[in-house]
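Visitor: I'm new to this one. Can you walk me through it?
Guide: Gladly. Here it is.

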Amino acid sequence: MTRPLNIYAGPTALKRLRQDGFHPALFDYFLGASGGPKWFVLAGLDRVLFPEFFHDTDRQVNIVGSSAGAFRAACMTQNDPLKAINRLAESYSQTVYSDKPTSREITTKAVELLHYMLDGQGAEQILSNSRFKAHLITARCHGIVGRPGKWSQLSGLALSAAGNMLNRRNLQRRFTRVIFSAPDSHLDIIDPYRLKTEQASLSQENIADVLLASGSIPLVLDGVSDIKGAAPGVYRDGGIVDYHFDLAFENQQGLTLYPHFYPRPVTGWFDKKLKNRHVHARSYDNVVMLVPSSEFVETLPYKKIPDRTDFEVMTPDMRLPYWKTVLNETDRLGEYFMNKVTDGTIMDDIQPLPFPCLPN
């Protein structure tokens with residue numbers, strides 16, 4: 001029988017797991033990557049990780065997310081994470097646009113999604129959660145990439161992509177990473193590229209804007225201007241800088257749990273086609289990745305994970321049933337994971353990282 005879920009661990013994480021076993025008290029960080037509807041393939045894992053796996057842990061867990069990962073972080077830090085995750089899945093998977101939607105229409109739909117996901121008291125619950133701390137990543141824009149016009153953004157993105165191809169450090173000419181953290185928490189990162197990074201606090205006044213900004217894909221959604229409690233400017237998708245992450249954390253005592261749709265992380269949004277830009281070994285030394293197996297993906301409709309191009313190539317009559325099926329099928333991943341944890345056989349599944357890393 002083929003396994004639906006692959007589990008990979010960095011060298012230090014693998015050593016720690018072999019020594020201490022696989023249990024929630026080992027983890028003090030959780031990563032949620034950008035990727036839009038790709039997240040649907042992880043929904044079944046999200047439905048068990050914080051509602052069940054982490055339910056009784058006394059350890060504080062820092063949940064770090066960009067874009068769709070930020071939305072997930074907002075669900076996981078509400079009082080009832082299962083209901084919040086299901087609200088996000090329901091609203092996102094049933095979104096329908098006009099034939100030629102403007103950025104204003106798509107932004108309006110995103111605002112409605114966030115309102116439904118937060119369900120009245122969600123923002124307050126995220127901010128007051130003492131065990132699970134949300135850290136939401138955005139990108140503050142510099143120059144023409146921050147302007148509202150299509151051609152300004154296209155020009156800014158083209159310049160950003162060209163500079164990034166030469167050296168990832170060039171990204172900071174046009175973007176600053178801004179991390180918004182829940183009260184009584186702080187995220188000290190180790191970035192091998194040392195990109196400009198600013199810290200800000202999440203509050204009742206800015207959390208909705210921060211979430212919207214973290215998912216505001218250039219040219220697709222409108223940017224968010226002048227978020228309260230942070231430097232002036234236009235804020236856009238956190239995945240521009242931190243798409244799948246190439247970061248470690250200062251003074252980390254435990255491990256990082258990272259459910260991811262792919263067995264290879266991509267550093268930033270502009271790195272998707274740069275096959276030789278690998279993540280750094282230090283960034284994944286303490287990481288445990290939960291990844292749907294290729295055999296599982298083969299069982300899905302169209303034999304693929306959902307993505308944003310589905311909006312363009314599928315009619316709603318095709319797309320909505322497909323996404324609903326994926327959301328249902330992915331419960332098998334959550335069931336498999338919890339069964340392996342409960343019966344103690346999860347260590348039999350853990351493998352070394354399947355991708356090359358750059359030296360530290």
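**A walk through the model**

Guide: Let's start on the surface. W151, L154 and L219 make a nonpolar patch there of about 320 Å². Keep in mind that this is a predicted model.

Visitor: Where does W151 sit?
Guide: W151 is in helix α7, which covers residues 150–166.

Visitor: And is W151 buried or exposed?
Guide: Exposed. Its relative accessibility is 64%, and the cut-off for exposed is over 50%.

Visitor: Let's go inside. What about strand β3, how many of its residues are buried?
Guide: Six of the six. Strand β3 spans residues 61–66, and because every one of those six is buried, the strand is largely enclosed by the rest of the structure.

Visitor: Which residues of β3 point which way?
Guide: V61, I63 and G65 point one way. N62, V64 and S66 point the other way. Both sets are buried.

Visitor: Why the alternation?
Guide: In a regular strand, side chains alternate between the two faces of the sheet.

Visitor: Which strands pair with β3?
Guide: Strand β2, residues 27–32, is one of them: it pairs with β3 in the parallel sense, over four bridges. Strand β4, residues 132–141, also pairs with β3 in the parallel sense, over six bridges.

Visitor: What stands opposite what?
Guide: On the β2 side, Y29 stands opposite N62 of β3. On the β4 side, S66 of β3 stands opposite I137.

Visitor: Which helix goes with β2 and β3 in a β-α-β unit?
Guide: Helix α2, residues 43–53. Together β2, α2 and β3 make a right-handed β-α-β unit.

Visitor: New topic. How many salt bridges are there?
Guide: The count comes to 17. One of them joins the side chains of D331 and R47, at 2.8 Å from N to O.

Visitor: Where do those two lie, and how many residues apart in sequence?
Guide: D331 lies in helix α13, residues 331–343, and R47 lies in helix α2. The parts they belong to are 284 residues apart in sequence, so the pair ties together distant stretches of the chain.

Visitor: Are D331 and R47 buried or exposed?
Guide: D331 is partly exposed, at 26% relative accessibility. R47 is buried, at 15%. The cut-off for buried is under 20%.

Visitor: Got another salt bridge?
Guide: Yes. The side chains of D222 and R104 meet at 2.5 Å, N to O. D222 lies in the loop between α8 (207–214) and β8 (224–225), and R104 in helix α5 (residues 103–118), so this pair ties together parts 118 residues apart in sequence. R104 is partly exposed, with a relative accessible area of 48%.

Visitor: What about R177, what does it meet?
Guide: R177 meets D191 in a salt bridge of 3.2 Å, N to O. R177 is in strand β5 (residues 175–181), while D191 is in the loop between β6 (189–190) and β7 (197–201), so the pair ties together parts that are 14 residues apart in sequence.

Visitor: Are R177 and D191 buried or exposed?
Guide: Buried. R177 has a relative accessible area of 0%, and D191 is at 9%.

Visitor: Which residues do shared salt-bridge partners join into a network?
Guide: R3, K340 and D349. Salt bridges that share partners link them into one network.

Visitor: Switching again. How many disulfides?
Guide: Zero, in a search of the whole structure.

Visitor: Remind me, what is a disulfide?
Guide: A covalent bond between the sulfur atoms of two cysteines.

Visitor: Okay. Are C75 and C141 buried or exposed?
Guide: C75 is buried, with a relative accessible area of 0%. C141 is buried too, with 9%.

Visitor: Last topic: backbone angles. Which residues have a positive phi although they are not glycine?
Guide: N251 is one of them, with a phi of about 55°. K303 is one too, and its phi is also positive, about 55°.

Visitor: Where are N251 and K303 found?
Guide: In loops. N251 is in the loop between β10 (248–249) and β11 (255–259). K303 is in the loop between α10 (294–298) and α11 (310–313).

Visitor: Are they buried or exposed?
Guide: Exposed. N251 has a relative accessible area of 66%, and K303 is at 52% relative accessibility.

Notes: Residues numbered from 1 in each chain as written. Predicted model: local features only at pLDDT ≥ 70, side-chain atom pairs only at ≥ 80, totals over all residues. Heavy atoms only, no water. Patch = residues over 30% accessible without salt bridge, like charges linked within 9 Å, V, L, I, M, F, W, Y side chains within 5 Å. Areas by Shrake-Rupley, 256 points an atom, 1.4 Å probe, with all protein chains shown as cover. Salt bridge = Lys/Arg side-chain N within 4 Å of Asp/Glu carboxyl O. Helix = DSSP H or I, 4+ residues; strand = E, 2+ residues; numbered from the N terminus. Buried < 20%, exposed > 50% of the residue type's maximum accessible area, 1.4 Å probe, protein only. Pairing = 2+ DSSP bridges. Right-handed = clockwise from strand over helix to strand, strands pointing away. Disulfide = S-S within 2.5 Å.
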